[in-house]
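User: Could you take a close look at the charged side chains and the strand pairing in this one? Please walk me through it as one connected story, with the cut-offs spelled out where you use them.

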Amino acid sequence: MAQTKNARRVEATEARAKLVNVRISPQKLNLVAASIRGLPVQKALNELEFSHKRIAGDVRKVLYSAISNAENNHNLDIDNLFVAEAFVGKNLVMKRFASRARGRSSRILKPFSEITIVVREAGEAA
């Protein structure tokens, strides 16, 4: 009684990579994701290399992973790849408390997020 193989979640001309539990708010991460959305992968890598945002290095690693997945697992040409999708989702939130005046406290929320990058071959279905 073997299980049936799961269907691919992306097209035959696509590859994806995902990074979960990133310690940054989704709003800040989405600024970086929006800067590479729709770009060819080489331009996207350059954009992330010279970005002043702290999280750009981690996003760059995820993009490299998606490119490697496309090349090694799906036999796609890396020269024709572009960033088809780059979307951000919420993850867990750490809740902390800070001391305030007169014996009170205030809540500090430390959000985590996740990013998914999908690269697609430009010659096929762009």
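Analyst: Asn75 comes out as exposed because its relative accessibility is 68% (buried means under 20% relative accessible area, exposed over 50%, partly exposed in between, with a 1.4 Å probe and protein chains only). This is a predicted model, in which local features need pLDDT of at least 70 and side-chain atom pairs count only at pLDDT 80 or more, while totals for chains, interfaces and linings use all residues. Residues are numbered from 1 along each chain as its sequence is written, and side-chain values use heavy atoms, with hydrogens and water left out.

Asn75 sits in the loop between H3 and E2 (helices are DSSP runs of H or I with at least four residues, strands are E runs with at least two, and both are numbered from the N terminus). Its backbone stands out too: phi is positive, about 55°, though Asn75 is not a glycine. Most residues other than glycine have a negative phi. Asp79 shares that loop between H3 and E2, and it counts as exposed because its relative accessibility is 67%. The C-alpha atoms of Asp79 and Val41 are 8.1 Å apart, with the two positions 38 residues apart along the chain.

On to the strands. E2 covers residues 81–99 and runs antiparallel to E3, with 16 bridges joining them (two strands pair if DSSP finds at least two bridges between them). Leu81 stands opposite Glu121 in E3, and Lys90 has Ser113 of E3 as its bridge partner. The two strands make a hairpin with five residues between them. In that turn you'll find Arg102, another non-glycine residue with a positive phi, about 60°. Arg102 counts as exposed because its relative accessibility is 75%.

E3 also pairs with E1, again in the antiparallel sense, over seven bridges. One of the matched positions is Ala15, whose bridge partner in E3 is Val119.

Now the charges. The whole structure holds three salt bridges (a side-chain nitrogen of Lys or Arg within 4 Å of a carboxyl oxygen of Asp or Glu). One of them joins Glu14 and Arg120, with the closest N and O atoms 2.5 Å apart. That contact links distant parts of the chain, since Glu14 is in strand E1 and Arg120 in strand E3 (residues 105–121), 106 residues apart. Are its two ends buried or exposed? Glu14 is buried because its relative accessibility is 6%, and Arg120 is buried as well, at 17%.

Another salt bridge brings Glu114 to Lys18, with 3.5 Å between the closest N and O atoms. Glu114 belongs to strand E3 and Lys18 to strand E1, so this pair ties together parts that are 96 residues apart in sequence. Lys18 counts as partly exposed because its relative accessibility is 48%.

The helices have a salt bridge as well: the side chains of Arg60 and Glu49 meet at 2.9 Å, N to O. Arg60 is in helix H3 (residues 56–72) and Glu49 in helix H2 (residues 41–49), so this contact ties together parts that are 11 residues apart in sequence. Both ends are partly exposed: Arg60 because its relative accessibility is 22%, and Glu49 because its relative accessible area is 40%.

Finally, the surface. Arg23, Lys28, Lys53 and Arg54 form a positive patch. Patches are made of residues with over 30% relative accessible area and no salt bridge, with like charges joined within 9 Å and nonpolar side chains (Val, Leu, Ile, Met, Phe, Trp, Tyr) within 5 Å. Lys and Arg count as positive and Asp and Glu as negative, while His and the chain ends are not counted. The place of a charge is NZ of Lys, CZ of Arg, CG of Asp or CD of Glu, and the areas come from the Shrake-Rupley method with a 1.4 Å probe, where for residues only the protein chains shown count as cover. Within this patch, Arg23 lies in the loop between strand E1 (14–22) and helix H1 (26–36). Arg23 counts as partly exposed because its relative accessibility is 37%.
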